[in-house]
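Biologist: I am new to this structure and should like a close look at a single part of it. Please begin with one loop and then describe the elements around which a picture can be built.

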Amino acid sequence: MQRFQGKVAIVTGGGSGIGAAIAKRLLEEGASVVISGRNRARLENAAAELGGGDRVVAHPADVSLRADCDSLVDVAAARFGRLDTLVNAAGMNLVGTVDETSDEDWRACFGADVDSIFYMSRKALPLLRESKGSIVNIGSVSSLGGGWSHAGYNAAKAAVANLTRSLACDNGRYGVRANLVCPGLTVTGMVDEIMADEALLEKAWERIPLRRAGQPAEVAAAVAFLASDEALWITGATLAVDGGQTCTDGGPEWGK
C-alpha cells in the first residue's frame, strides 16, 4: 500500500522502539518522515537503517522543551513544505508509588509524556489545518485504567487520553483529526526487565488473552491506519493495541 505517497510525517521518539517502527511503516507507504529523539547517535543510526534517502530527516530534539518542538516542526516545513501527520510517540516510563516519586521525576515524566504533545501539537496545527491532516498520540493501557507502582506514568498517560479528545473536539472544524493508540505490553527496551522475568510474564499472560507481548510493528500498523485516509471519519477515538488486556476485568495486575 502507498497510503502516504507525497505526504509528510513527524514521528517523535523515532530513534527506537515503537517510534522507529512507526517511522518505518509510514516511510514504506510513501511518506517523507522527520524523526526526532534526544540521542543523536541513536537517531542517526535509526535514520540510516530506515533508508529512504532524502525522504528521511533525523533531527535531535528534547520534545519536553517548547523551543525544541518549534524547531522540529520548522525543520519539517522547511525541508518538505508541508505536514500531514504528527505522531507523538516520545515518552518515558516512571516506576513508583506517589510517596516514592520525587518532584523531579514527576515533572520529567509529565514533560516527556504530556508537555511534548502539547508543544508539538500547538506548533504543528497551522500546517495540519492546511493539509487537513491528523495527529496520532501514543498512550498506553495506563491511559485507560490505573495500575500498581506507576503513579506518575498512569497520571501522565491518562492526561494524554483527554488531551487527545480535546484536540479532536477543537480541530475537527478545520478537518484535522486526533486519535489515540494505547499499546499494552510491547517488546521494546522499556520493558526489558519484564520480558526477562518468567514469573512476571506468567502473571502478564493471565491478564492478556492472546498470551504474548506485542511487537512494535503491530502498533505501527494501527497508527498507520488511523493516520490514513481510510480513517477520515474517525477522530477522538482510542484504540487499544494490547492483546486484549483491557477487555479483562482485572487490569494490569502483573505490575503489582
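In which loop is arginine 211 found?

Modeller: Arginine 211 belongs to the loop that runs between α7 (198-207) and α8; helices (H or I, at least four residues) and strands (E, at least two) are DSSP runs numbered from the N terminus. This is a predicted model, in which local features need pLDDT of at least 70 and side-chain atom pairs count only at pLDDT 80 or more, whereas totals for chains, interfaces and linings use all residues. Residues are numbered from 1 along each chain as its sequence is written, and side-chain values use heavy atoms, with hydrogens and water left out.

The backbone of arginine 211 has a phi near 55 degrees, a positive value in a residue other than glycine. With a relative accessibility of 44%, arginine 211 counts as partly exposed, that is, between buried (under 20% relative accessible area) and exposed (over 50%), for a 1.4 Å probe and protein chains only. On the α7 side of this loop, arginine 207 lies in helix α7 itself and, at 19% relative accessibility, counts as buried. A distance of 9.3 Å separates the C-alpha atom of arginine 207 from that of glycine 243, which is 36 residues away along the chain.

On the other side of the loop, helix α8 (residues 216-227) packs with helix α1 (residues 17-28) at an angle of about 55 degrees, their axes being 8 Å apart. Here axes are lines fitted to C-alpha atoms, for helices over the stretch in contact, and angles run from 0 to 180 degrees between N-to-C directions. The two helices α1 and α8 are therefore oblique to each other; angles under 35 degrees count as roughly parallel, over 145 as roughly antiparallel, 65 to 115 as roughly perpendicular, and the rest as oblique. From α1, Gly17, Ile18, Ala21, Ile22, Arg25 and Leu26 make the contact, and from α8, Pro216, Ala217, Val219, Ala220, Ala221, Val223 and Ala224, where contact means heavy atoms within 4.5 Å. Sorted by class, the contact of α1 with α8 comprises 11 nonpolar, 1 polar and 1 charged residues; Ala, Val, Leu, Ile, Met, Phe, Trp, Tyr, Cys and Pro count as nonpolar, Asp, Glu, Lys and Arg as charged, and the others, Gly among them, as polar.

Helix α1 has 12 residues and reaches 17 Å from its first C-alpha to its last, close to the 16 Å expected at 1.5 Å a residue, the expected span being 1.5 Å times one less than the number of residues. Its buried residues are Ile18, Gly19, Ala21, Ile22, Ala23, Leu26 and Leu27. Glycine 30 follows α1 and has a positive phi, near 105 degrees.

Strand β5 also touches this part. Serine 134 is found in β5 and is buried, with a relative accessible area of 2%. Neighbours within four places in sequence aside, the contacts of serine 134 are Asp84, Thr85, Leu86, Leu128, Arg177, Leu226 and Ala227.

The loop that joins β5 (134-138) to α5 (151-171) contains serine 149. Serine 149, a residue other than glycine, has a positive phi as well, near 65 degrees, and its relative accessible area of 29% makes it partly exposed. Beyond this loop, the 21 residues of α5 should span 30 Å at 1.5 Å a residue, which agrees with the 30 Å between its end C-alpha atoms. Among the buried residues of α5 are Tyr153, Val160, Thr164 and Leu167, and what covers the buried residues of α5 includes α4, β5 and β6 (177-183).

Helix α4 (residues 103-131) and α5 have axes that come within 8 Å and cross at roughly 15 degrees. That makes α4 roughly parallel to α5. Residues in this contact include Trp106, Phe110, Ile117 and Leu125 of α4 and Tyr153, Val160, Leu163 and Leu167 of α5. In the contact of α4 with α5, 15 residues are nonpolar, 3 polar and 3 charged.

Helix α4 also packs with helix α3 (residues 66-80), at an angle of about 35 degrees and with the axes 9 Å apart. This contact involves Arg66, Cys69, Asp70, Leu72, Val73, Asp74 and Ala77 of α3, together with Ser116, Tyr119, Met120, Arg122, Lys123, Ala124 and Leu127 of α4. The contact of α3 with α4 has 8 nonpolar, 1 polar and 5 charged residues.
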